[in-house]
Amino acid sequence: MSSVMESRAKGLEITADIHPEFEAILTPAALELVAKLHRAFEPRRQELLQKRLELAKRLDAGQKLDFLPETQAIRDGAWKIAPVPKALERRRVEITGPVDAKMVVNAFNSGADSYMADFEDSNSPYWNNLIQGQLNLKNAIRRELKLDLFGKHYEIQDRPDIAVLQVRPRGWHLDEKHVLVDGQRVSGGIFDFALFLFHNAKELLARGYGPYFYLPKIESHLEARLWNDVFVMAQNELGLPQGTIKATVLVETINAAFEMEEILYELREHSAGLNAGRWDYIFSAIKKFKLDKDFCLAERVKVTMTSPFMRAYALFLLKTCHKRGAPAIGGMSAFIPIKNDPEKNALAMSAISTDKRREATDGYDGSWVAHPGLIEVCMNEFKAVLGDKPNQFERQRDDVNVTAADLVNFTPETPITETGLRYNINVGIHYMGVWLIGNGCVPIHNLMEDAATAEISRSQVWQWIRSPKGILDDGRKITIELVRSMIAEELEKIKATGVAGKFDRAADIFEKMVVDNQFVEFLTLPLYEESLF
């Protein structure tokens with residue numbers, strides 16, 4: 001294998017091992033596209049990341065979120081996005097998950113309308129995970145991905161309902177530390193996007209699809225504009241017609257909710273709609289209002305899609321999309337099938353049915369699931385409402401009138417129980433410990449946890465320690481000392497399960513994150529620097 005500091009394009013260096021099979025992905029021409037996009041857009045990425053920090057400081061100082069007066073003309077205009085391609089008209093059920101070979105095969109064969117292949121929150125971005133994931137997708141598109149695992153054979157079936165592929169690159173905040181251009185780390189998102197596009201765009205078009213993406217963690221229409229400009233340049237570089245790329249934006253930051261129309265407008269030639277990324281959205285609310293003495297969300301299980309601020313967000317996203325001719329895709333319930341407990345499984349399935357029924361009857365065009373066993377449940381709810389229609393674009397929801405105040409209506413605030421506090425600590429340590437050995441999507445306590453749900457857990461603990469409202473229902477104030485004692489106790493419980501993970505180290509990192517007054521923007525940032533791979 002090739003190793004440290006190998007140059008494959010002018011000014012580009014790779015500081016990780018390159019296994020022989022990775023040669024098919026890390027070609028000089030593909031990396032040249034990475035280098036060109038980096039040089040063209042890295043200064044703007046850094047400027048926009050700085051704007052995030054500046055907004056955070058203003059919110060910490062008490063500024064309120066509101067709609068932008070300078071973009072009123074966009075919100076008042078009569079424009080629509082470009083028509084979505086036929087392959088993206090029907091998205092009743094989208095299955096999401098990482099890019100390991102077994103997941104890729106199962107997702108393509110699952111019967112879902114679409115598969116969102118994830119290089120972000122459900123993927124621990126270790127070098128081998130990333131490049132092997134690119135290779136898996138390249139082979140899957142060409143129906144060449146096959147594997148044998150524990151005596152079972154996996155390959156993509158020849159069937160008419162193969163899931164339409166969409167790919168989620170990493171967000172703007174994440175670097176790819178193993179790839180340097182002119183001595184500077186490249187954007188993880190540009191790296192993921194460029195490699196996938198270079199190797200697969202023309203093959204997908206030849207098969208009647210196209211290069212379709214999901215864009216995570218966007219915080220403003222200016223960040224959407226940056227992605228749009230990346231698309232335009234990449235299409236020019238590869239000789240693709242403008243508008244070939246289509247992208248769905250995850251509205252998973254609370255400030256982006258105030259700019260949804262502007263985000264669609266910036267991407268209007270490349271847009272495939274918006275998705276209600278509920279878990280990161282809750283995390284974003286905690287992060288943005290962490291120092292507001294009047295803000296304190298109830299424990300995680302009590303913050304649902306029927307909470308006032310979440311209900312306002314979901315309906316506003318739906319109305320915005322259909323007003324602009326765009327798909328509106330619902331979020332993911334964290335429940336998963338529970339194999340050995342029929343009673344608990346029935347409750348989980350009922351909760352998922354209720355969640356998907358609400359989205360379908362509200363007017364959403366589809367929704368997410370994280371497990372193949374949930375596809376039928378979700379599909380049935382959407383078929384019951386849509387029948388044979390591919391979507392509900394005609395549902396304009398003129399009855400919905402969401403104000404800025406509605407989007408930040410965080411009641412109810414209680415309760416916070418010892419069980420809820422311990423749950424957050426347990427999930428945070430458990431998830432981080434497994435992430436550190438390369439797994440970014442973990443079933444914990446019968447729920448599917450990824451970086452977004454783990455973020456809620458650790459950010460709530462940080463905020464409860466510092467909020468005057470961070471009081472347990474038995475009257476105890478949540479303090480650093482109380483949390484430290486629970487960290488030790490929950491760590492022992494996790495280790496007693498026998499699950500593999502670097503849990504001692506994870507507990508140290510978790511404790512540092514919740515004890516330090518400086519709030520860490522994303523837990524994946526220190527974890528990524530911690531990793532050696």
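Me: Which residues of helix H16 are buried?
Reply: In this predicted model, local features need pLDDT of at least 70, side-chain atom pairs count only at pLDDT 80 or more, and totals for chains, interfaces and linings use all residues. Residues are numbered from 1 along each chain as its sequence is written, and side-chain values use heavy atoms, with hydrogens and water left out. Taking buried as under 20% relative accessible area with a 1.4 Å probe and protein chains only, and helices as DSSP runs of H or I with at least four residues, numbered from the N terminus, the buried residues of H16 are Phe503, Ala506, Ala507, Ile509, Phe510, Met513, Val514 and Val515.

Me: Which helices do the buried residues of H16 pack against?
Reply: Contact here means heavy atoms within 4.5 Å. On that basis the partners of the buried H16 residues are helix H13 (418-435), helix H14 (451-466), helix H15 (480-496) and helix H17 (524-530).

Me: How far apart are the end C-alpha atoms of H16?
Reply: The expected span of a helix is 1.5 Å times one less than its number of residues. Because H16 (residues 503-515) has 13 residues, the helix should span 18 Å, and this agrees with the distance between its end C-alpha atoms, 18 Å.

Me: Which helix gives the most to the largest nonpolar core?
Reply: A nonpolar core is a set of buried Ala, Val, Leu, Ile, Met, Phe, Trp, Tyr and Cys residues joined through side-chain atoms within 4.5 Å. The largest such core has 183 residues, and Phe191 and Leu26 are among those that touch the most other members. With 11 residues, the helix that gives the most to this core is H1 (residues 28-60).

Key
Buried means under 20% relative accessible area, exposed over 50%, partly exposed in between (1.4 Å probe, protein chains only). Helices (H or I, at least four residues) and strands (E, at least two) are DSSP runs, numbered from the N terminus.
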